[in-house]
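Trainee: Hi, have you got a few minutes to go through this one with me? I'd like to start with how the helices pack.
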Amino acid sequence: MRLTCERSALLKALSVTSRIVERRNTIPILSNALLTADGKRLTLRATNLDLEASTACAAEVAEPGTTTVPAQMLRDIVGKLPEGATVSLDDTDGNGRIMLKAGRSRFQIGTLPAGDFPDLQAGEMSHRFAWPVADVLRMVTETSFAISSEETRYYLNGVYLHAWPDGDHHNGLRTVATDGHKLSRLTLPRPEGAEGMPGIILPRKLVEELKKVVTTDGAAFFQVAVSTSKIRLERDDLVLTSKLIDGTFPDYQRVIPTENGNRLTLARADFASALDRVKTVSGGRGRAVKLDITEAGVTLSQHNPDSGDATDEVDGELDGKPLSIGFNGDYLAEILTVLDADAIEIALGDPGSPTILTRKNSDDLTIVLMPMRV
């Protein structure tokens, strides 16, 4: 392999692949990125055996070839080179090292055989469809906050993706996440080709990586391929391949109340600001905020025996009976950030029952929040 490329383009590609590599590895090859030079590009791949990322940058390839290089080290070296530098890579000596040159800088980096690099992309995919980037972005921003971090319930450590059965008025693709305290269900248009696809659980690591790489620049669609054990998403020069969580997602429909008859409409920004002020006295995470709801609006209050008390008021419209209920203030604040609309609607039952929060006049995103005792 012998090639030259621009430092900025190489650094951008390395920023994606190096994130996949775990810094501590008992298997040496997993610390390396696979470099393949061919045509007019350099392709880089990295994997942790659960998730694989592949991306590319433009290059002038004098001699095609492939090798593996320590990913974090290469990322650190290229990151410290001056802007505008041209990087050359050459391992034609066959001495188990690759020479990196940029200006007056010289590095000899140890390599490992490309044949030892695992391939996560292999395998048949039963369903293929084009998924709009805008919908992928909604999935990661509007449902991922509810992913559980409790390792014992591993089947909740991701986002459940499934085609909603025909006959539903949405006829859509649903993404769901829950940690037992809060649940987020987003219904999106179902792409052609996704009909009958198996319900799959996307792991947290894949979802977090999508958060970092999904932008509005570039192609408008991800090309998605799905099987019962893997998912692959391709867009421009980026390919993400991930194993799926091998488990059964619970019947989430059972925890979404259908008869919450008390409906409260609020200006989201005013409610979020009042909540933020009241939470100032919380003194830590997980404290309950009490909502006293009447026809005139909501009085928010928090009591902390160590630091003091706080109350605030927000105007609102109540269709139903007045009631008092408590919620985890941190969870509620996070939900109000996700529900980015001028007005929101809160559907309540009794003080001990799950509460539904939605954007006003929109039901594509449904968030369920469990109450707390106050």
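Trainee: Which residues in H5 meet H6?
Mentor: On the H5 side they are Arg 268, Phe 271, Ala 272 and Leu 275, and they meet Gly 329, Leu 332, Ala 333 and Leu 336 in H6. Keep in mind that this is a predicted model.
Trainee: Noted. How do people usually describe a pair like that?
Mentor: Two packed helices are described by the angle between their axes and the distance between the axes.
Trainee: And what are the values for H5 and H6?
Mentor: Their axes come within 10 Å and cross at roughly 150°. That makes H5 roughly antiparallel to H6, because angles over 145 degrees count that way. The crossing of H5 past H6 is left-handed.
Trainee: Which residues of H6 are buried?
Mentor: Gly 329, Asp 330, Leu 332, Ile 335, Leu 336 and Val 338 are buried in that helix, which covers residues 329–338. At the start of H6, Asn 328 has a side-chain oxygen that reaches to within 2.9 Å of the backbone nitrogen of Asp 330.
Trainee: Back to H5, then. Which strands does H5 lie across?
Mentor: H5, residues 268–278, lies across E18, E19, E20, E21 and E23, and runs at about 160° to E21.
Trainee: What sort of sheet do those strands belong to, open or closed?
Mentor: An open one, formed by 12 strands with antiparallel pairing, in the order E14-E11-E12-E13-E25-E24-E23-E18-E21-E20-E19-E22. Strands E14 (200–203) and E22 (323–328) are at the edges, each with a single partner strand, so one side of each has no neighbour in the sheet. From one strand to the next, the twist averages 25°.
Trainee: How many bridges join E18 and E23?
Mentor: They pair over 6 bridges, in the antiparallel sense. Leu 266 stands opposite Ile 344 in E23.
Trainee: New topic: is Gln 302 buried or exposed?
Mentor: Buried, because its relative accessible area is 3% and the cut-off is under 20%. Gln 302 is in strand E20, and its C-alpha is 9.5 Å from that of Leu 275, although the two are 27 residues apart in sequence.
Trainee: What lies 3.5 Å from a polar atom of its side chain?
Mentor: The backbone nitrogen of Ser 282. Ser 282 is also one of the residues that Gln 302 touches, along with others including Val 278, Arg 287 and Asp 309.
Trainee: Last one: where is Thr 175?
Mentor: Thr 175 is in strand E12, residues 172–178. Thr 175 is buried, with a relative accessible area of 0%, and among the residues it touches are Met 139, Tyr 160 and Leu 186.

Definitions and conventions:
Residues are numbered from 1 along each chain as its sequence is written. This is a predicted model: local features need pLDDT of at least 70, side-chain atom pairs count only at pLDDT 80 or more; totals for chains, interfaces and linings use all residues. Side-chain values use heavy atoms; hydrogens and water are left out. Helices (H or I, at least four residues) and strands (E, at least two) are DSSP runs, numbered from the N terminus. Buried means under 20% relative accessible area, exposed over 50%, partly exposed in between (1.4 Å probe, protein chains only). Contact means heavy atoms within 4.5 Å. Two strands pair if DSSP finds at least two bridges between them. Axes are lines fitted to C-alpha atoms, for helices over the stretch in contact, and angles run from 0 to 180 degrees between N-to-C directions. A polar contact is a pair of N or O atoms within 3.5 Å; within protein, one must be able to donate a hydrogen and the other to accept it, and residues adjacent in sequence count only if both atoms are side-chain atoms. Angles under 35 degrees count as roughly parallel, over 145 as roughly antiparallel, 65 to 115 as roughly perpendicular and the rest as oblique. A crossing is left-handed if the near helix is turned anticlockwise from the far one by less than a right angle, and right-handed if clockwise. Lists of a residue's contacts leave out its neighbours within four places in sequence.
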